[in-house]
Amino acid sequence: MKKLFILTAISWCGLAHGWSADLAAAEKLRASGKFDHAETEYRAVLTSKLQTLEWPEAKFGLALCHEERKRFRDAEKLFSEILREFPSSKFAPEAAWNIIRLRCGSLHDRRGALEMAEKLADWKPGSSFNERGLYAVAVINYWDKRKKKSKAACLDYLKVYSDGIYGEAVKELLSKVGG
């Protein structure tokens, strides 16, 4: 029994190391602009039989490759999968932000972006989800000429995150909406 456990542990470590190598190779390829090859490496991680802790990172990297290749719907789908399947992953807040960014820009879906931002604004107060959501709600409402809603989101943001990463931008936005 002890021997079986040791062999299983060694096998598991070997598999995990192999996936790490695939992921590192994918990241290097993506960084150098070789998106076709990077996608192949990310898929190698995702098509393995066992789900690993690296899946959210692999999906995130694959989504970025899709975005670089102008496959915006595919990118959005993968970012959404990260949120649904790995909501506590360190990649989840960035995935949510990228969904908002894609919907505001390339996908021309500000209503969808606002819906996602509102979900984030209501999710886990004090978290990066919440901070980014409040900021996005304020900005999108401003763009859509809903000054009262923009002002309310700015004030909500500043109550919690006056020194946050978007603090100065929110203060500037608040001055534009009559705050």
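Tutor: A helix here is a DSSP run of H or I, at least four residues long, and helices are numbered from the N terminus. The model is a predicted one.

Student: Which residue with a positive phi follows α7?

Tutor: Helix α7 covers residues 128–143. After α7 comes a residue whose phi is positive, near 60°. That residue is K145.

Student: How many helices does the secondary structure of the protein chain come to?

Tutor: Along the sequence the pattern reads α-α-α-α-α-α-α-α-α. The chain has 0 strands, and its helices number 9.

Student: What percentage of the residues of the protein chain count as buried?

Tutor: A residue counts as buried under 20% relative accessible area. The protein chain has 179 residues, and the buried share of them is 44%.

Student: Why is α7 described as largely enclosed by the rest of the structure?

Tutor: The length of α7 is as expected: at 1.5 Å a residue its 16 residues should span 22 Å, and the end C-alpha atoms are 22 Å apart. The enclosure follows from burial, because the buried residues of α7, out of 16, number 13.

Student: How far apart are the end C-alpha atoms of α2?

Tutor: Helix α2 runs over residues 35–46, which makes 12 residues. At 1.5 Å a residue, α2 should span 16 Å. The distance between its end C-alpha atoms agrees with this, at 16 Å.

Student: What arc around the axis do the buried residues of α2 cover?

Tutor: The buried residues of α2 are F35, A38, E39, Y42, V45 and L46. They lie on the same side of α2, because the arc they cover is only 115°.

Student: Which exposed residues does the face of α2 turned away from its buried side carry?

Tutor: Exposed means over 50% relative accessible area. On the face of α2 turned away from the buried side, the exposed residues are H37 and T40.

Student: Is E39 buried or exposed?

Tutor: E39 lies in helix α2. Leaving out residues up to four places away in sequence, E39 touches L62, C65, H66, R69 and R71. With a relative accessible area of 6%, E39 is buried.

Student: What is the relative accessibility of K59?

Tutor: K59 is part of helix α3, residues 55–68. Beyond the residues up to four places away in sequence, its contacts are L46, L78, E81, I82, E85 and F86. K59 counts as buried because its relative accessibility is 8%.

Student: At what angle do α8 and α9 pack?

Tutor: Helix α8 is residues 147–161 and helix α9 is residues 167–176. Their crossing is left-handed. The axes are 9 Å apart, and the packing angle is about 145°.

Student: How many residues of the contact of α8 with α9 are nonpolar?

Tutor: From α8 the contact takes K147, S150, K151, C154, L155, Y157, L158 and Y161, and from α9 it takes G167, V170, K171, L173, L174 and K176. Of these residues 2 are polar and 4 are charged, while the nonpolar ones number 8.

Student: Which residues does K151 touch, not counting those up to four places away in sequence?

Tutor: K151 is in helix α8, and at 30% relative accessibility it counts as partly exposed. The C-alpha atoms of K151 and A138 are 13 residues apart along the chain and separated by 6.8 Å. With residues up to four places away in sequence left out, K151 touches L174, V177, G178 and G179.

Key:
Residues are numbered from 1 along each chain as its sequence is written. This is a predicted model: local features need pLDDT of at least 70, side-chain atom pairs count only at pLDDT 80 or more; totals for chains, interfaces and linings use all residues. Side-chain values use heavy atoms; hydrogens and water are left out. Helices (H or I, at least four residues) and strands (E, at least two) are DSSP runs, numbered from the N terminus. The expected span of a helix is 1.5 Å times one less than its number of residues. Buried means under 20% relative accessible area, exposed over 50%, partly exposed in between (1.4 Å probe, protein chains only). The arc is that of the directions from the helix axis to the C-beta atoms. Axes are lines fitted to C-alpha atoms, for helices over the stretch in contact, and angles run from 0 to 180 degrees between N-to-C directions. A crossing is left-handed if the near helix is turned anticlockwise from the far one by less than a right angle, and right-handed if clockwise. Contact means heavy atoms within 4.5 Å. Ala, Val, Leu, Ile, Met, Phe, Trp, Tyr, Cys and Pro count as nonpolar, Asp, Glu, Lys and Arg as charged, and the others, Gly among them, as polar.
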